Structures are given as structure tokens and as C-alpha cells.
Amino acid sequence: MQQEIRIGVIALTDSAPFVVAQKTGFFEAENLTVELVKQASWATLRDKLAYGEIDAAHMLSPMAIALQLGLGGSPKKDVLAPLVLNRSGNAITVSKALAALISGLVEGETLGSALRAAKSRGERVMVFGTVFPFSMHTLQLRRWLRLNDVDPDQDVRFEVVPPIRMVGSLQAGLIDAFCVGEPYNSLAVNEGLGTIVATSNGLWPKAPEKVLGCTRAWAQENPEAMTGLTNALRRACLWLEGGMENRSKAAAWLSTSDHVNLPGSVLEMALLATIKGGTDPFIQFDGAELTEDQRPMFESLVVETHALTSSRPLDAIQFASGLKPFGF
């Protein structure tokens, strides 16, 4: 008997494992009838999962931590993230004006010093777009800013913008830069609106980007569906890592109005492009659990996620070892 599952997804390239599992029949082979429900924003996806309107989700890895802790006004939920769907896939894109400022820096000058000088002259503070407060995007933006002598809490302002609106906000001058998942960096470059200045793999190599998320209660109530769901998505990730022909097919599936709704050529840029200087695709699909040897990276993720709020003090080691949404 087929079990019906509603899965919340965001219109991003890294939603590919869900679309592939549906198109190839991997879900059906596990006796699952899956409805992929596009969400307008990460906050909407988070709330619908927390309140049971969807059964599982295409989830930001720090969101699983934030939900576990009830950070950022979210309901506190015991969540599981049994699979890492992909690593890497984000980039930081800056406007033409900011790119010109960066390229024009002289010896002894940093982006931070230039922004502070502009602020002292009464010029507006630059705005950086991120998709959600508790996301790899926010953490990666903060890392990149600090590397460029910018205090992310004093020298710039952050604005939460849904991925689908990021390029339009850059074009309208509402933001000066953003960190977002593909294909929106490729879209900004393709339309001549921005320049990519950093990739997630360069800022935080191999960190988990998106995960399969669900509440622990749902997983315990539906053990067979949980097993089938992870099996199907693991197969989909392996399929996506099976060569460029498979990724080209995935780009065509993602391009439709049911999913990302952008030209196939843009999706191919996002799925087939390689990191500069290498041969591996920019987005790497995983489909595996976090293993014990990755605990230090996970603990760093927990600490940096918690540091986004000062709601209460944190003993990093004790706290990280007690938080187990990833199943350690």
C-alpha cells in the first residue's frame, strides 16, 4: 500500500534529489506517493514542518539546529536530519558597484576600511541579502566579510530575502550583495547584474548545505515511510553524481513551472559548472549521514549557529555533544 507524504521544497537547484526521486520512480519503488509542495520562503517551510502541515522538508542544515533550540522565534521542535542532501552550492554575488569598489582597493586599503570610511562620510550602509537568519548563507556571508576586514555586526546590514527574489532585489538596488544557492547566482551573472566573489566550498569546504528534515515524532510514527524516503533520496543523490548526462536531465526537470521555473540553460549553468581550478561540479550531492569523523565540523556549525543570537550563554563542547538532530 502506497503511503502519501507531503514534502516542502524551495525553488533551488539543490532541490534536485526530490525532483529526481519523483521523476525516476525512486519514491514509487519505496511504496511512497510524494507531493512536492513549493514554499515561498524558508520561514514558511520551517513553520509548516513544525506544525505538521508538511511531513518532511528540503531543509537548511542550521535550520535543524535552530528548530531544535527554538531560536529566532521558531517553535521548539525535536527534529531529525537523517541525510545530507548536498554540500556546497552557494555563492556570494555582489553588485556591479560593489565589485568596482573591491577591484579599486589600493594597497593598505580593505573592503572594511572602505566601508567604514563611507559610513563616516554619512553614506548609507551597504545591505547584504541572506535567505534566512539561521542558514549556511548567513554563516558564509559573515565568514567572507570577516576575511575582508568587515565587521558583519557594525559595518553592514543584513536583510532576509527569499531566494526567488534575490536577483530582483539586487537589480532594484535594494541590496548590494547576496549569498544564495543556485541557480540565482548564475542567473545574476547571466543577466549582467552581478559578479560572483566567493563560493561556499571555498569558505567552508564540505559543510552540509541542505538536509532532509522531519520531526522526530513523524519519523517514529512512520518508520517504514522514513526508511523509504531516505532510501529514495540516497538513490537520487547517487544518480545525480552519475555524470553530466544525468545532471542535464535534472536541469530540464527543474526548469519547469512546477519546480524552479527558470530556463534550462540557467539550470545547466548551475548544475554542470565546476569550481574554478577543479573538475568537480560546483554542487555536490551527498545522500549520506554525517559520520563521526565529521563531528568537529558539526560542532563548529552548532556553535556558529548559536552565536547568531545572544539569547543565552553556550558551553560549546557540552552543548554540541548534546544536540543530535544529525544522529550522532
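Here is a friendly conversation about a predicted model, covering its sheets, some of its helices and one pocket.

Biologist: What makes β5 and β8 a pair of strands?

Modeller: Two strands pair if at least two bridges are found between them. Five bridges join β5, residues 90-95, to β8, residues 177-181, so the two count as paired. They run antiparallel, and T93 stands opposite F178 in β8.

Biologist: Which helices pack on the sheet there, and which strands do they touch?

Modeller: Helix α5, residues 96-103, touches β5, β6, β8 and β9, and its direction makes about 90° with that of β5. Helix α7, residues 136-147, packs on the sheet too, touching β5, β6, β7, β8 and β9. The direction of α7 makes about 145° with that of β6.

Biologist: What is the order of the strands in that five-stranded sheet?

Modeller: The order is β7-β6-β8-β5-β9, in an open sheet with mixed pairing.

Biologist: Why are β7 and β9 said to stand at the edges?

Modeller: Each of them, β7 at 157-160 and β9 at 194-199, has a single partner strand, so one side of each is left without a neighbour in the sheet. Neighbouring strands of this sheet are turned by 25° against each other on average, direction ignored.

Biologist: What is the strand order in the open sheet of six strands?

Modeller: That one reads β2-β1-β3-β10-β4-β11, again with mixed pairing. Its edge strands are β2 (32-38) and β11 (284-288), each pairing on one side only. The twist averages 30° from one strand to the next.

Biologist: How do you know that β1 and β2 are paired, and in which sense do they run?

Modeller: The cut-off is at least two bridges. Seven bridges join β1, residues 3-9, to β2, so they are a pair, and they run parallel. In β2, the bridge partner of E4 is T33. Helix α1, residues 16-23, lies across β1, β2, β3, β4, β10 and β11, running at about 140° to β2.

Biologist: Which strands pair with β10, and how do you know?

Modeller: Strand β3, residues 56-60, pairs with β10 over four bridges, and strand β4, residues 79-87, pairs with β10 over six. Both counts satisfy the requirement of at least two bridges, so both pairings hold. Each is antiparallel. On the β3 side, H58 stands opposite L212; on the β4 side, V84 stands opposite V211.

Biologist: Why is β10 called largely enclosed?

Modeller: A residue is buried when its relative accessible area is under 20%. Eight of the eight residues of β10, at 208-215, are buried, so the strand is largely enclosed by the rest of the structure.

Biologist: What makes helix α4 mostly covered?

Modeller: Nine of the nine residues of α4, at 61-69, are buried. Among them are S61, P62, M63 and Q68. After α4 comes G70, whose phi is positive, near 70°.

Biologist: What lines the second largest pocket, and how do those residues divide?

Modeller: About 180 Å³ of space lies in this pocket. Its lining includes L101, K119, R121, V125 and D155. Helix α6, residues 111-120, gives the most to the lining, with five residues. The lining divides into seven nonpolar, no polar and five charged residues.

Biologist: Why do K119 and D155 go with the charged residues, and L101 and V125 with the nonpolar ones?

Modeller: Lys and Asp count as charged, whereas Leu and Val count as nonpolar, so these four lining residues fall into those two classes.

Definitions and conventions:
Residues numbered from 1 in each chain as written. Predicted model: local features only at pLDDT ≥ 70, side-chain atom pairs only at ≥ 80, totals over all residues. Heavy atoms only, no water. Axes fitted to C-alpha atoms, helices over the stretch in contact; angles between N-to-C directions. Contact = heavy atoms within 4.5 Å. Buried < 20%, exposed > 50% of the residue type's maximum accessible area, 1.4 Å probe, protein only. 1 Å grid on protein atoms, 1.4 Å probe; cavity = no way out; pocket = protein on both sides within 12 Å on 5 of 7 lines; lining within 4 Å. Points joined across faces, edges and corners; volume = space filled by probe spheres on them.
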